[in-house]
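Open the model in your viewer and keep the sequence panel in sight. We'll go from stop to stop, and at each one you'll get something to select and a note on what is there.

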Amino acid sequence: MEGFNTILALTYHIHYFTKVQLRVLEDGQLIGNDSESYKHPNISSQNEWETLQKTMWNEAERFTKILSKLPDTTLDSPFTDKKYGTYTSNILGLIEHTHYHLGQIIILNKLLLKP
């Protein structure tokens with residue numbers, strides 16, 4: 001559908017920002033650029049799609065495990081630098097951002113399946 005992002009692009013975009021925050025949680029490095037967040041790999045087979053999904057789910061699981069062990073005192077701390085807000089604002093932002101794009105994916109899927 002012309003003019004819309006693809007389900008792949010939106011899925012990768014969500015995952016990109018999860019990876020950025022995961023890196024901060026794992027080693028304190030904030031490395032990411034909004035302009036890179038839609039530069040997904042080309043997927044040409046079901047196997048490649050499933051491999052990408054597996055990678056994303058594994059990283060999401062790592063993210064949630066680390067997050068569940070994050071001390072409460074960290075939540076109000078700067079997310080690597082004061083200019084990026086707190087851990088809380090970034091984590092909530094990721095949740096809201098994910099929900100927004102998941103809604104888009106649902107709409108795209110309905111449009112694609114429409115008879």
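Start by selecting helix H3 and then showing its surroundings: the cover over the buried residues of H3 includes helix H1 (7-27) and helix H2 (46-68). Helices here are DSSP runs of H or I with at least four residues, strands are runs of E with at least two, and both are numbered from the N terminus. "Buried" means under 20% relative accessible area, "exposed" over 50%, and "partly exposed" in between (1.4 Å probe, protein chains only). Cover is judged by contact, that is, heavy atoms within 4.5 Å.

Two things to know before you click further. This is a predicted model, in which local features need pLDDT of at least 70 and side-chain atom pairs count only at pLDDT 80 or more, while totals for chains, interfaces and linings use all residues. Residues are numbered from 1 along each chain as its sequence is written, and side-chain values use heavy atoms, with hydrogens and water left out.

**Stop 1: along H3**

Now colour the buried positions of H3: Tyr87, Asn90, Ile91, Leu94, Thr98, His101, Ile105 and Leu108. Keep in mind that an α-helix has 3.6 residues a turn, so residues three or four places apart point the same way.

Put a distance label on the two end C-alpha atoms of H3, residues 87 and 113, and you should read 39 Å. That agrees with the 39 Å its 27 residues should span at 1.5 Å a residue (the expected span is 1.5 Å times one less than the number of residues).

Stay in H3 and pick Lys110. Buried or exposed? Lys110 has a relative accessible area of 58%, so it is exposed. Add Glu2 to the selection: Lys110 and Glu2 are 108 residues apart in sequence, but 16 Å apart in space, C-alpha to C-alpha.

Then go to Leu113, also in H3, which counts as exposed because its relative accessibility is 63%. From Leu113 to Met56 is 24 Å, C-alpha to C-alpha, with their positions 57 residues apart in sequence.

**Stop 2: H2**

Select H2 and highlight its buried residues, Leu52, Met56, Glu59 and Phe63. What do they pack against? The buried residues of H2 pack against H1 and H3. The end C-alpha atoms of H2 are 33 Å apart, in agreement with the 33 Å its 23 residues should span.

**Stop 3: H1**

Hide everything but H1, then bring the rest back. H1 is largely enclosed by the rest of the structure, because 16 of its 21 residues are buried. Its first and last C-alpha atoms are 30 Å apart, close to the 30 Å expected.

Click on His15 in H1; it counts as buried because its relative accessibility is 6%. Leaving out residues up to four places away in sequence, His15 touches Thr55, Met56 and Glu59.

Next comes Gln21, also in H1 and buried as well, because its relative accessibility is 7%. Which residues does Gln21 touch, not counting those up to four places away in sequence? They are Phe63, Phe79, Asn90, Ile91 and Leu94. Zoom in on Asn90: the side chain of Gln21 reaches its backbone oxygen at 2.8 Å.

**Stop 4: two backbone spots**

Most residues other than glycine have a negative phi. Select Gly28, which follows H1: its phi is positive, near 80°. Then jump to Thr80, in the loop between H2 and H3. Thr80 is not a glycine, yet its phi is positive, about 70°. Thr80 counts as partly exposed because its relative accessibility is 35%.

**Stop 5: zoom out**

Show the protein chain as a cartoon: there are 3 helices and 0 strands, and the pattern along the sequence reads α-α-α. The C-alpha atoms fill a box of roughly 50 × 25 × 25 Å along the principal axes.

How many of the 115 residues count as buried, as a percentage? The figure is 28%. Among contacts between residues at least 6 apart in sequence, 67% join residues at least 24 apart.

Notes:
A polar contact is a pair of N or O atoms within 3.5 Å; within protein, one must be able to donate a hydrogen and the other to accept it, and residues adjacent in sequence count only if both atoms are side-chain atoms.
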